[in-house]
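The following paragraphs lead the reader through selected features of a structure. Please keep the sequence and the model at hand while reading.

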Amino acid sequence: MTDTARSAGAAEPIPFMQRILDNPFILLFLGVSIPAVLYLMWGVMEVASIPVAQ
Amino acid sequence: MSASANAEFRTCPETGLKVHLPAEKLIKVNAVTAVIFLAVGGLFGLLVALTRWPAVHLLPADLFYLALTAHGANVLLFWIIFFEMAVLYFASALLLNSRLATPAWGWVGYWLMLVGAVLANIAVLQGDSTVMFTSYVPMKAAPHFYLGLIVFAVGALIGVFVFFATLVVAKDENTYEGSVPLVTFGAITAAVIAVFTIVSGAIILIPTFLWSIGLIGYIDPLVYKVVWWGMGHSSQQINVSAHVAVWYAIAALVLGAKPLSEKVSRVAFLFYILFLQLASAHHLLAEPGMSEGWKVFNTSYAMYLAVLGSMIHGLTVPGSIEAAQREKGYTHGAFEWLRKAPWGNPAFAGMFLSLVMFGFLGGISGVVMGTEQLNLLMHNTLYVPGHFHGTVVAGTTLAFMAVTYLLVPLIFRRGLVLNKMAQWQPYLFAIGVTGISLFMMGAGTLGVARRHWDMTFSDAVVSVSYPAGAFLMMGLNGVFAVLATLGGIFYIVVVVASILYGPKLGDKAAPKPAPAAAPRPAAIASYGSAGTLKLPGTAILVTVFFVAFVLYYYVNWKYLAALWPMR
Ligand code: HEM
Ligand SMILES: [Cu+2]
């Protein structure tokens, strides 16, 4: 079903999600920046904010 | 394209795909190198398991820890990542009918990886780098241990860039239409995660190297753990993405199976890209320095979305096989499609075992252990290696072994020899790995520590006693380790013998009943869904999985409640 839909629908605009999925560099950006912020940076900031023993 | 460029291609007689010869050569050399590191690392694994077998207790303490370090590095890093390079080149140049972007850089990457891996091995074998593959500071290894890992990682990063560049080349030169095939999409997922993995590794290993040669005074142990696990955990997610891609590839090559829904499978991979790496935090659940918020966000909310991705693949891979088999007429009852599947074909058998075991052994235990409260039950016990031998050995390693049985005829152009041995290999290895995985988990549940030479802690001030069952499990673990090793040796013997002495296939297709044939080329290298959801067998399998999952999950909460009785 998809095959025919694809060849017949050449003139249709390509759906937004498909454009993201078809672009490896958007995926690369998402896949690196999300964990860099939510895991690495957030994590390192938590360690940095542990008070130093007197 | 010029004539000289065309001379660099051959046409595959089995799949009709255009094969770029320089890409093929890189695939071969990376795959062979991978297998050599598996052989080395696997033997160290056997030594470790024989030492942890109380009645054998093979190695003295210092050699035990050395062997454990060598085992972890050789199998987890070198075997897996060399093989993944082969998968990346295969999924880009070959499946896209394209040339590999810059074979020369592919070779630079390969040599750096090889030099790095050898250097790290030398450091470990010299005996002054017994720091386990995690190399937590302030334990200090010899500088060339870290240097080896860094050089290896740089090489791997170059390989990943060659992969991305090949995607660009294929698009520019219009070697395919529309979206890339699903297997390539899985490889893109693996490559994306690889970039984050390697960057994290560089951020932490370069300073650690400088510290080992005295240029930096201090590395904070907790920062080290946070960043190191950005690499250590994410690298496992490269494996998951790659072996899921391999499952789809084998199903397509052996049975002509098409994904049930391209969209759904791709979104499942997208979940990996977005969320899987955050779960790195599950390695730090027991760290007092990290906040609840950080732990819970990264390991619950985010990780469950990634797990959802795996569950989707766990549904659609068997589903696509069922759909393909039913189309061939195996429609009786819920399971004729499965009974009449090509169980004698080691590629199929290995792939299906990998799928089932990854889910039941690795997947369920991973979610249990990744739950903050439950993690306390088994943190740093043998449960942990029990779990990840279910993921990275039963899942990734077995899947990679399985696909090798297709690569030998397709890429090396040799028929398989020792067919009986090849047929038994996936079963033998699977039985062995199931044993080591379950018995290590069992011993861990009873409290046996991981990474410990002396399970009785005989020289400890406060004595520790285990139930007799713990000793029994460690013995059984040793027995099954021997079986797993035999399975590993079978694999290596079959592969090496076939590459060296297998009948040359030339430009003929492989003889049909041989476990090599690739009848439906289109499915692996094209876009398209199976377009059916009437799959009673898969529905039953998935239900069984969920019931097992839920029961086991609650059993563990029950254990936890028993530790801290609520009154
Ligand atoms: C013949 C097959 C294998 C056997 C018998 C085996 C056995 C073992 C045993 C007994 C341990 C030690 C647990 C402990 O004391 O903490 C271990 C650790 C480990 N194994 Fe395996 N293993 C095998 C294959 C593999 C493969 C193929 C991989 C990866 C692809 C792997 C990855 C690891 C890792 C990462 C560790 C942890 C090392 C550490 O704690 O530093 N193993 N293995
Ligand atoms: Cu992890």
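In this predicted model, Lys18(B) lies over the face of Phe9(B), 4.6 Å from the ring centre. A second such arrangement involves Lys225(B), which lies over the face of Tyr136(B) at 4.8 Å from the ring centre.

Rings also pair with one another, and the structure holds 37 aromatic pairs over all chains. Among them is the edge-to-face pair of Trp107(B) and Tyr110(B), with 5.8 Å centre to centre and 80 degrees between the planes. Because these two residues are three apart in helix α4 (residues 103-126) of chain B, about one helical turn separates them. Trp107(B) is partly exposed, at 26% relative accessibility, whereas Tyr110(B) is buried at 7%. Phe360(B) and Phe545(B) likewise form an edge-to-face pair, 5.3 Å centre to centre with 85 degrees between the planes. This pair links distant parts of the chain, 185 residues apart: Phe360(B) belongs to helix α11 and Phe545(B) to helix α17 of chain B.

The iron atom of ligand 1 has as protein donors NE2 of His71(B) and NE2 of His389(B), lying 2.0 Å from it. Helix α3 of chain B holds His71(B) and helix α13 of chain B holds His389(B), so the pair ties together parts 318 residues apart in sequence. The arrangement around the iron atom is octahedral because its six donor atoms subtend angles of 85 to 180 degrees. His71(B) is buried, at 16% relative accessibility, and His389(B) is buried at 13%.

Asn298(B), in helix α9 of chain B, is buried at 0% relative accessibility. Its side chain reaches the backbone oxygen of Trp294(B) at 3.0 Å. Beyond its neighbours within four places in sequence, Asn298(B) has contacts including Leu38(A), Tyr39(A), Trp42(A) and Met303(B).

Conventions. Residues numbered from 1 in each chain as written. Chains lettered and ligands numbered in written order. Predicted model: local features only at pLDDT ≥ 70, side-chain atom pairs only at ≥ 80, totals over all residues. Heavy atoms only, no water. Donors = N, O, S within 2.8 Å, 3.2 Å for Na, K, Ca; no water. Tetrahedral: all angles 85-135°; square planar, octahedral: opposite > 155°, others 65-115°. Helix = DSSP H or I, 4+ residues; strand = E, 2+ residues; numbered from the N terminus. Buried < 20%, exposed > 50% of the residue type's maximum accessible area, 1.4 Å probe, protein only. Polar contact = N/O pair within 3.5 Å; in protein donor to acceptor, adjacent residues only side chain to side chain. Contact = heavy atoms within 4.5 Å. Phe/Tyr/Trp six-rings, centres within 6.5 Å; stacked < 30°, edge-to-face > 60°. Lys NZ or Arg CZ within 6 Å of the ring centre and 35° of its normal.
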